[in-house]
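Reader: I've got a few things I'd like to ask about this one. Can you put it up so we can go through it together?

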Amino acid sequence: MSQEADALYDEMCRVVGQAVMYLCDTDIETKKHNIANVLETALLSNNPEHTEQMRKAMRAAINVLTRF
């Protein structure tokens, strides 16, 4: 993979991990649709702290999680 693809994959893993930890902290099951919902909510928040790379990773992770 290219360096850019590796960086995106690493960021996807990081944001999914954060979503899983959030769900665990709130006693919500860590199912695919719940993880995708957390990421979608984060994207919709338009948090200025979210970098473009983070937004791109969130969108990619949502696509993977909702594909099936």
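Reader: Let's start in the middle. Which residues of helix 2 are buried?

Author: Bear in mind that this is a predicted model. Buried here means under 20% relative accessible area. In helix 2, the residues that count as buried are N34, I35, A36, L39 and L43.

Reader: And what do the buried residues of helix 2 pack against?

Author: Take I35 and L39, both buried in helix 2. They also belong to the contact that helix 2 makes with helix 1. Taken together, the buried residues of helix 2 pack against helix 1 and helix 3.

Reader: N34 caught my eye. Is N34 buried or exposed, and at what relative accessibility?

Author: N34 sits in helix 2. Leaving out residues up to four places away in sequence, it touches L23, I28 and E29. The cut-off for buried is under 20%, so N34 counts as buried, at 16% relative accessibility.

Reader: How are helix 1 and helix 2 set against each other, parallel or perpendicular?

Author: Their axes come within 9 Å and cross at roughly 105°. Anything from 65 to 115 degrees falls in the perpendicular class. That makes the two helices roughly perpendicular.

Reader: What's the contact of helix 1 with helix 2 like by class, and how many charged residues does it have?

Author: Helix 1 brings V15, V16, A19, V20, Y22 and L23, while helix 2 brings N34, I35, V38 and L39. By class, that contact has 9 nonpolar residues and 1 polar one, and the number of charged residues is none.

Reader: Now the core. Which helix supplies the largest share of the largest nonpolar core?

Author: This core has 14 residues, and V15, I35, L39, M58 and L65 touch the most other members. Helix 1 (3-25), helix 2 (32-44) and helix 3 (52-65) each supply at least two residues. The largest share, 6 residues, comes from helix 3.

Reader: Stay with V15 for a second. Which residues is V15 in contact with, leaving aside its neighbours within four places in sequence?

Author: V15 is one of the core residues that touch the most other members, and it's also part of the contact of helix 1 with helix 2. With those sequence neighbours set aside, the residues it contacts are L39, M54, A57 and M58.

Reader: How far does helix 2 reach from its first C-alpha to its last?

Author: Helix 2 has 13 residues. At 1.5 Å a residue, the expected span is 18 Å. The model comes out close to that, with a reach of 18 Å.

Reader: What about the loops? Which residue in the loop between helix 1 and helix 2 has a positive phi without being glycine?

Author: In that loop there's a residue at 74% relative accessibility, which counts as exposed. Its phi is near 55°, a positive value, and it isn't a glycine. The residue is D27.

Reader: And after helix 2, what's the phi of N46?

Author: N46 lies in the loop between helix 2 and helix 3. It counts as exposed, at 59% relative accessibility. N46 isn't a glycine either, yet its phi is positive, at about 50°.

Reader: Last one. How far apart in space are F68 and K32, C-alpha to C-alpha?

Author: F68 is in the segment after helix 3 and is exposed, with a relative accessible area of 77%. In sequence, F68 and K32 are 36 residues apart. In space, C-alpha to C-alpha, the separation is 9.7 Å.

Conventions
Residues numbered from 1 in each chain as written. Predicted model: local features only at pLDDT ≥ 70, side-chain atom pairs only at ≥ 80, totals over all residues. Heavy atoms only, no water. Core = buried A, V, L, I, M, F, W, Y, C linked by side-chain atoms within 4.5 Å. Buried < 20%, exposed > 50% of the residue type's maximum accessible area, 1.4 Å probe, protein only. Helix = DSSP H or I, 4+ residues; strand = E, 2+ residues; numbered from the N terminus. Contact = heavy atoms within 4.5 Å. Axes fitted to C-alpha atoms, helices over the stretch in contact; angles between N-to-C directions. Parallel < 35°, antiparallel > 145°, perpendicular 65-115°, else oblique. Nonpolar A, V, L, I, M, F, W, Y, C, P; charged D, E, K, R; others polar. Expected span 1.5 Å × (residues − 1).
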